[in-house]
Amino acid sequence: MHAFARWLPACALLASVACAPATSAPGPAAGQASTAPNRPVAPAAAQAAAPPELVTINYAHPVISSQYLHLYVGQELGFYAAEGINLERVFVSQGNPAIAQGTVGGAYELASQSGDVLVQSVEQGAPLVAVAGENRRAVFGIIAQPEITSWADFRGKALTLGAASVRGGTSTVLRWILRQQGLQEGPDFSFVAAGSTSERVSALRNRVIAAGLMGQPQDFMMQDEGFRLLGYTTEYLPEYAMANVGARRDWAEQNAELVVRFLRAHIRSIHWLYDPANRAEAIRLIQEATRTEPQ
């Protein structure tokens, strides 16, 4: 069985209040009598806080892979619903630049955005802000056609590589790795917008691209089909802000309490994923979400 845990996301959240467990006033110590005045006890239903009003959040993400398993978990297990959130996942195959544009335009209240695109957008004046970390590692298999056995096979071949977008996200990571191997854009390689992981899988099978980054579990699947693994991005770039929860700054400020509720469910989902007791259920969820086989 493949090492399923390679992808595990990390939750470097900026809103620490979302992590805090609910607290209640301490009761009297053992052996002590309560000094509270006698008064009728209200029914439990009346004492319980009313559930938060259900609010829909459109959440954009650029790939259907294990990178977003926490979203599937939060929906399936009702963690978002418990916070009064109807989470609508919106898959945007055009990649991170399109997600940034959609967030600025108001199509998505919250979105997963790569660190490079988010920073570039802000530097160009976009009113965006990161409200939480989502994934501190870029975990992709570098998958190539079977005849490509090493980086040396790129040299002078002008190979076509597939990414979600030509600028930003997966192309930034792969471009950096290629340059570390002494390869140059133009004579050795070029990028085409080949869509998300599932679309890059089709492009590789049909020989439209020579190589590309594949999320998990699709990278395992491609190796089983005979395609070449040139390594994992984490081997070249151990720490990278691959995904961040982003929003329009004004929306986040106006909906601060809702953002905290979202982050509470976000954290709860990731804690659930790190519990070994949930491994089998996590595999079932990722199998359903990515439409891949259990192995």
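Trainee: At what angle do helix H2 and helix H12 pack?

Mentor: Happy to start there, keeping in mind that this is a predicted model. H2 covers residues 69-76 and H12 covers residues 279-290. Their axes lie 10 Å apart, and the packing angle is about 105°.

Trainee: Is H2 then roughly parallel or roughly perpendicular to H12?

Mentor: The two helices pack at about 105°. Angles from 65 to 115 degrees fall in one class, so H2 is, relative to H12, roughly perpendicular.

Trainee: Which residues of H12 does H2 meet?

Mentor: Look at the H2 side to begin with: Leu-69, Tyr-72, Val-73 and Glu-76 take part. The residues of this contact divide into seven nonpolar, no polar and two charged. On the H12 side, the partners are Ala-282, Arg-284, Leu-285, Ile-286 and Ala-289.

Trainee: Arg-284 catches my eye. How far apart are the closest N and O atoms in its salt bridge with Glu-281?

Mentor: Good one to pick! Arg-284 and Glu-281 are three residues apart in H12, which means about one helical turn separates them. Arg-284 is partly exposed at 27% relative accessibility, and Glu-281 is also partly exposed, at 28%. Their closest N and O atoms are apart by 2.6 Å.

Trainee: And what is the corresponding distance between Arg-284 and Glu-288?

Mentor: This pair sits four residues apart in H12, so here too the separation is about one helical turn. Glu-288 has a relative accessible area of 46%, which makes this residue partly exposed. For the salt bridge of Arg-284 with Glu-288, the closest N and O atoms are separated by 2.5 Å.

Trainee: Which residues do the salt bridges that share partners join into one network here?

Mentor: Arg-284 bridges to Glu-281 and also to Glu-288. Glu-76 of H2, which belongs to the contact with H12, is part of the network as well. The full set is Glu-76, Glu-281, Arg-284 and Glu-288.

Trainee: Which residue does Glu-185 meet in a salt bridge?

Mentor: The structure holds twelve salt bridges, and this is one with an N to O distance of 3.7 Å. Glu-185 is partly exposed, at 31% relative accessible area. Its partner is Arg-179.

Trainee: Let's turn to the sheet. Which strands are at the edges?

Mentor: Five strands make up this open sheet, in the order S2-S1-S3-S10-S4 and with mixed pairing. Neighbouring strands are turned against each other by 25° on average, direction ignored. An edge strand pairs on one side only, and that applies to S2 (85-91) and S4 (128-135).

Trainee: In which sense do S1 and S3 pair, parallel or antiparallel?

Mentor: S1 spans residues 55-61 and S3 spans residues 110-113, with two bridges between them. Ala-60 stands opposite Ala-111 in S3. The sense of the pairing is parallel.

Trainee: Which strands does helix H5 touch as it packs on this sheet?

Mentor: H5 runs over residues 115-123, and its direction makes about 170° with that of S4. The strands touched are S3, S4 and S10 (243-248).

Trainee: Finally, what share of contacts joins residues at least 24 apart in sequence?

Mentor: A little context helps: the chain has twelve helices and ten strands, and 48% of its 295 residues count as buried. The share is taken among contacts between residues at least 6 apart in sequence. Of those contacts, the ones joining residues at least 24 apart come to 78%.

Methods: Residues numbered from 1 in each chain as written. Predicted model: local features only at pLDDT ≥ 70, side-chain atom pairs only at ≥ 80, totals over all residues. Heavy atoms only, no water. Axes fitted to C-alpha atoms, helices over the stretch in contact; angles between N-to-C directions. Parallel < 35°, antiparallel > 145°, perpendicular 65-115°, else oblique. Contact = heavy atoms within 4.5 Å. Nonpolar A, V, L, I, M, F, W, Y, C, P; charged D, E, K, R; others polar. Salt bridge = Lys/Arg side-chain N within 4 Å of Asp/Glu carboxyl O. Buried < 20%, exposed > 50% of the residue type's maximum accessible area, 1.4 Å probe, protein only. Pairing = 2+ DSSP bridges.
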